[in-house]
Amino acid sequence: ASFNAADAYVDPQGRSRFLRAIAAQEQVEDELQFRRKDGSVFDCRRIVTVRRSADGGIIGFQSVFHDITKRKRAEEALRRSEAQLRFLAAHTADVLWTMDLDLHTTYISPSVERLLGYTPEEWLRLPFDSMATPESVARERAELQRQLELEAGGTVDPDRTLTIEVEMNHKNGSTLWMEMNIRAVRDEAGQLS
């Protein structure tokens, strides 16, 4: 059985879209699925450069194909994982919260609204000092400083979890005692991030 280039396109319109695009450009880069001669399908990044004659007519193409199946699978796995984490964060009773070392909130789960009255968007704009009572803010700052000093000494467990009780400010003006379990976020080199 013969196999020609048109048979390689998984999307039947892929070849005609490509020909229309290439007629107007010098180079086309795209990602699509191709079918091998054995019928298996793979994800591909294609770079095609137009070869033109002296009068500008198309006389051929130079093509480079990269099999990106592994990358596509990794991207899909990451999308599924992120969707699962968003679902868990949205439906947990606890507040999930990340901050940078300057004490700016970088993420707060939707449950903050149920517990403290603020939408996540409102909470992201709050300065750290307004999130809790002055006594709790002072205690949190002192504990952060202590932990950073321990970190600099290099004698502590990098995977340690710290538990601290703080009196948080509710949007309606009341306060609420909360227990926080705090753990450092680290980059691949093990540094605080």
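## Strands, hairpins and cores in a predicted model

In the hairpin formed by strand 4 and strand 5, where five residues lie between the strands, Leu 103 takes a positive phi near 65°. The structure described here is a predicted model, and the values that follow should be read with that in mind. Strand 4, made of residues 97-99, and strand 5, made of residues 105-108, pair in the antiparallel sense over three bridges, and within this pairing Thr 98 stands opposite Tyr 107 of strand 5.

A hairpin is also formed by strand 1 and strand 2; it has five residues between the strands, and Gly 39 takes a positive phi near 95° there. Strand 1 and strand 2, the latter covering residues 41-52, run antiparallel and are joined by nine bridges. Along this pairing, Glu 29 has Ile 47 in strand 2 as its bridge partner, while Gln 27 stands opposite Thr 49, again in strand 2.

The two hairpins can be set side by side.

| Hairpin | Residues between the strands | Bridges | Residue with positive phi |
|---|---|---|---|
| Strand 1 and strand 2 | five residues | nine bridges | Gly 39, near 95° |
| Strand 4 and strand 5 | five residues | three bridges | Leu 103, near 65° |

Strand 1 and strand 2 belong to an open sheet of three strands, which has the order 1-2-3 and antiparallel pairing. Strand 1 (27-35) and strand 3 (58-67) stand at the edges of this sheet, and because each has a single partner strand, one side of each is left without a neighbour in the sheet. Neighbouring strands of the sheet are turned against each other by 30° on average, with direction ignored. Helix 3, which spans residues 69-91, packs on the sheet and touches strand 1, strand 2 and strand 3, and its direction makes about 125° with that of strand 2.

Turning to the interior, the largest nonpolar core has 15 residues, of which Leu 116, Trp 123 and Met 168 touch the most other members. Helix 4 (111-116), strand 6 (161-169) and strand 7 (175-183) are the elements that give two or more residues to this core, and the largest share, three residues, comes from strand 6. When neighbours within four places in sequence are left aside, the contacts of Met 168 include Trp 97, Leu 116, Trp 123, Met 131 and Met 180. Apart from this core lies another, of eleven residues, among them Tyr 9, Phe 18, Ile 22 and Val 48. In soluble globular proteins, nonpolar side chains tend to be buried together.

Conventions:
Residues are numbered from 1 along each chain as its sequence is written. This is a predicted model: local features need pLDDT of at least 70, side-chain atom pairs count only at pLDDT 80 or more; totals for chains, interfaces and linings use all residues. Side-chain values use heavy atoms; hydrogens and water are left out. Two strands pair if DSSP finds at least two bridges between them. Helices (H or I, at least four residues) and strands (E, at least two) are DSSP runs, numbered from the N terminus. Axes are lines fitted to C-alpha atoms, for helices over the stretch in contact, and angles run from 0 to 180 degrees between N-to-C directions. Contact means heavy atoms within 4.5 Å. A nonpolar core is a set of buried Ala, Val, Leu, Ile, Met, Phe, Trp, Tyr and Cys residues joined through side-chain atoms within 4.5 Å. Buried means under 20% relative accessible area, exposed over 50%, partly exposed in between (1.4 Å probe, protein chains only).
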